Amino acid sequence: MRIRIVDAFTDRPFTGNPAGVLLLDAFPDDDRLQNVALEVNHAETAFAHPLPEGGEADWALRWFTPVAEVDMCGHATLATAHVLHSTGAHAGPVRFATRSGVLVATPAEDGSITLDFPTAPLTRVELPAGAAEALGAEPLACFDTGPHVGDLLVELADEKTVHALRPDHKALAGHSRRGVIATARAENPELGYDFVSRCFFPNLGIDEDPVTGSAHTALAPYWAERLGRTGLTGLQASPRAGRVRTELCGERTLLSGRAVTVIEGELLA
């Protein structure tokens, strides 16, 4: 069983968001999938196997953090599509059957891959008591991001505040189903991005996720409305950092980026 570590939403090794990717003949039992994800110990490990021809999808795809299966993961989907295309296991657009419905990944001639994901519904909510103290900043607004993303999205005063966050991760857990997306408008769009974000998921054993594709299905509609444009670029300002190009298409959001395979080996256990 081949296992690969792929850095997603980047074109350089050791940046972006690393994901484990395993291409299988079929899914083993859930305990084995969870144990492999725990061993890989990245934000997500993706498991995929081919489906019979003629159906609505080409591959089945599941994602696991070190502690739980998740409904949606952008960077591990990008990583899986990169492995399929770079190894010749699949050519052209690939349709994944997932917990979030059929997700399509389309390669471009420039080497980037575009993911077609459902747009997260945003509902304005009151900030839970204690959340501002746990985050370490007072949000301007707070939104629920719906069942598949499961985060609180909070807008902060400015980009500097997002960069300076040092949250109490233990205290932050429990304020949402998955975690918290903190965001602000870019101070200087001439640097090539329109908004910044950081994502904290202590509920899933991930204090800070390096680059979160699924979060951008909520960030895209949020900033498209405020900036008056459907096509935007987000900088996720984690220590590894990465950029996600977004295009809001109504109920769907397109997420584009690159990926690099950094490790390939054999799973012996």
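These are my notebook entries on the aromatic rings in this structure, which is a predicted model.

Entry 1, the search. I looked through the whole structure for aromatic pairs and found four. I began with Phe47 and Phe64, whose rings are edge-to-face, with 5.8 Å centre to centre and 85° between the planes. I then looked up where the two residues lie: Phe47 is in strand 3 (residues 44–50) and Phe64 is in strand 4 (residues 59–64), so this pair ties together parts that are 17 residues apart in sequence. For the surroundings I checked accessibility, and Phe47 is buried with a relative accessible area of 1%, while Phe64 is buried with a value of 3%.

Entry 2, a second pair. I turned to Phe143 and Tyr222, whose ring centres are 5.3 Å apart with the planes at 70°; because an angle over 60 degrees counts as edge-to-face, I noted this pair as edge-to-face. Phe143 belongs to strand 10 (residues 141–144) and Tyr222 to helix 7 (residues 216–227), so the parts tied together here are 79 residues apart in sequence. Phe143 counts as buried at 9% relative accessibility, and Tyr222 counts as buried at 1%.

Entry 3, the cluster. I followed Phe143 and Tyr222 further and found that they form one aromatic cluster with Phe195 and Trp223.

Entry 4, charges over rings. I looked up Arg226 and noted that its charged end sits over the ring of Tyr222, 3.5 Å from the ring centre, which puts a charge over a member of that aromatic cluster. I also recorded Arg178, whose charged end sits over the ring of Phe201, 4.2 Å from the centre of that ring.

Note on methods. Residues are numbered from 1 along each chain as its sequence is written. This is a predicted model: local features need pLDDT of at least 70, side-chain atom pairs count only at pLDDT 80 or more; totals for chains, interfaces and linings use all residues. Side-chain values use heavy atoms; hydrogens and water are left out. Rings of Phe, Tyr and Trp (its six-membered ring) pair if their centres lie within 6.5 Å; planes under 30 degrees apart count as stacked, over 60 as edge-to-face and the rest as tilted. Helices (H or I, at least four residues) and strands (E, at least two) are DSSP runs, numbered from the N terminus. Buried means under 20% relative accessible area, exposed over 50%, partly exposed in between (1.4 Å probe, protein chains only). A charge sits over a ring if NZ of Lys or CZ of Arg is within 6 Å of the ring centre and within 35 degrees of the ring normal.
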